[in-house]
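Here's a quick tour of a protein fold for anyone new to reading structures. Have a look at the chain below, then go through the notes with it open beside you.

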Amino acid sequence: MASIFICRISNAASAAATGISDFQRFRHEIDLYGSGIWDNTSKNAMKVGDVIGFITGPDCEETTFYTMTTVLPLEFRKENNWNTAAYGNTSIGDVNHREVIRLSPLAEVGVKDWKVLRTSLGYSPIYVPRGATRMKGVTLASLSQ
């Protein structure tokens, strides 16, 4: 069974500017090629077939979901001039150990409003994840409702 992860792409702090830039590049790759590259969680917890949702917008109004299709070699990070240091306030140290992963849109889930989704899944009405977080007890079927 696929694990479901969630990640907030914050626009609140200037330290997150690189994260926003990376997400814009990711979305551009999706538009051009149908899939895009991202980096795995800090412990490389995502596996092929797992799902990640990205919460975007100043009011968490848009959550889009993607499925992990491929793990690329670590050398890919250096060859493509990816950031090698943590750029958010949710992690520390370098990120060179993180796998580079390819994600494809999960059209059957559609775009969700995070504020509605989180309460329908039993999360607190004020919960917003910090970094990529596994959503315990959440299934793909529950996202599609």
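What follows is a short briefing on the sheet, the cores, the aromatic rings and a couple of loop residues. Keep in mind that this is a predicted model. Its six strands make an open sheet with mixed pairing, and its largest nonpolar core has 14 residues.

**The sheet**

- Reading across the sheet, the strand order is S2-S5-S4-S3-S1-S6.
- The edges are strand S2 (36-39) and strand S6 (133-134), and each of them pairs on one side only.
- S2 and S5 run antiparallel, with four bridges between them; Ile37, for instance, has Arg102 in S5 as its bridge partner.
- S4 and S5 are also an antiparallel pair, held over six bridges, and here Val71 is matched with Ile101 in S5.
- S3 and S4 are antiparallel too, joined by six bridges; look for Val51, whose bridge partner in S4 is Thr67.

**The cores**

- In soluble globular proteins, nonpolar side chains tend to be buried together.
- Within the largest nonpolar core, the residues that touch the most other members are Phe26, Trp38, Met46, Ile52, Phe54, Tyr66 and Leu103.
- Which elements each supply at least two residues of this core? They are strand S1 (4-8), helix H1 (17-33), strand S3 (51-56), strand S4 (62-72) and strand S5 (100-105).
- H1 gives the largest share of this core, with three residues.
- There's also a second, separate core of 13 residues, and among them are Leu106, Trp114, Leu117 and Met135.
- Phe54 is a good one to click on: leaving aside its neighbours within four places in sequence, Phe54 is in contact with residues including Cys7, Ile9, Phe23, Phe26, Trp38, Tyr66 and Leu103.

**The aromatic rings**

- The structure contains ten aromatic pairs.
- How are the rings of Trp114 and Tyr127 arranged? Their centres are 6.2 Å apart and their planes are at 55°, so this pair is tilted.
- Trp114 belongs to helix H3 (residues 114-120), while Tyr127 sits in the loop between H3 and S6, so you'll find distant parts of the chain, 13 residues apart, linked by this pair.
- Is Trp114 buried or exposed? Trp114 is buried, because its relative accessible area is 0% and the cut-off for buried is under 20%.
- Tyr127 has 25% relative accessibility, so Tyr127 counts as partly exposed.
- One aromatic cluster brings together Phe23, Phe26, Trp38, Phe54 and Tyr66.

**Two loop residues**

- Asn11 lies in the loop between S1 and H1.
- With a relative accessible area of 40%, Asn11 is partly exposed, because that label covers values between under 20% (buried) and over 50% (exposed).
- Asn11 and Gly57 are 46 residues apart along the chain, yet their C-alpha atoms are separated by 7.5 Å.
- Which residues does Asn11 contact, leaving aside its neighbours within four places in sequence? Those are Ile20, Gly57 and Pro58.
- Asn44 is found in the loop between S2 and S3, and Asn44 is buried, with a relative accessible area of 15%.
- Most residues other than glycine have a negative phi.
- Asn44 has a positive phi, near 50°, even though it is a residue other than glycine.

Methods:
Residues numbered from 1 in each chain as written. Predicted model: local features only at pLDDT ≥ 70, side-chain atom pairs only at ≥ 80, totals over all residues. Heavy atoms only, no water. Core = buried A, V, L, I, M, F, W, Y, C linked by side-chain atoms within 4.5 Å. Buried < 20%, exposed > 50% of the residue type's maximum accessible area, 1.4 Å probe, protein only. Contact = heavy atoms within 4.5 Å. Pairing = 2+ DSSP bridges. Phe/Tyr/Trp six-rings, centres within 6.5 Å; stacked < 30°, edge-to-face > 60°.
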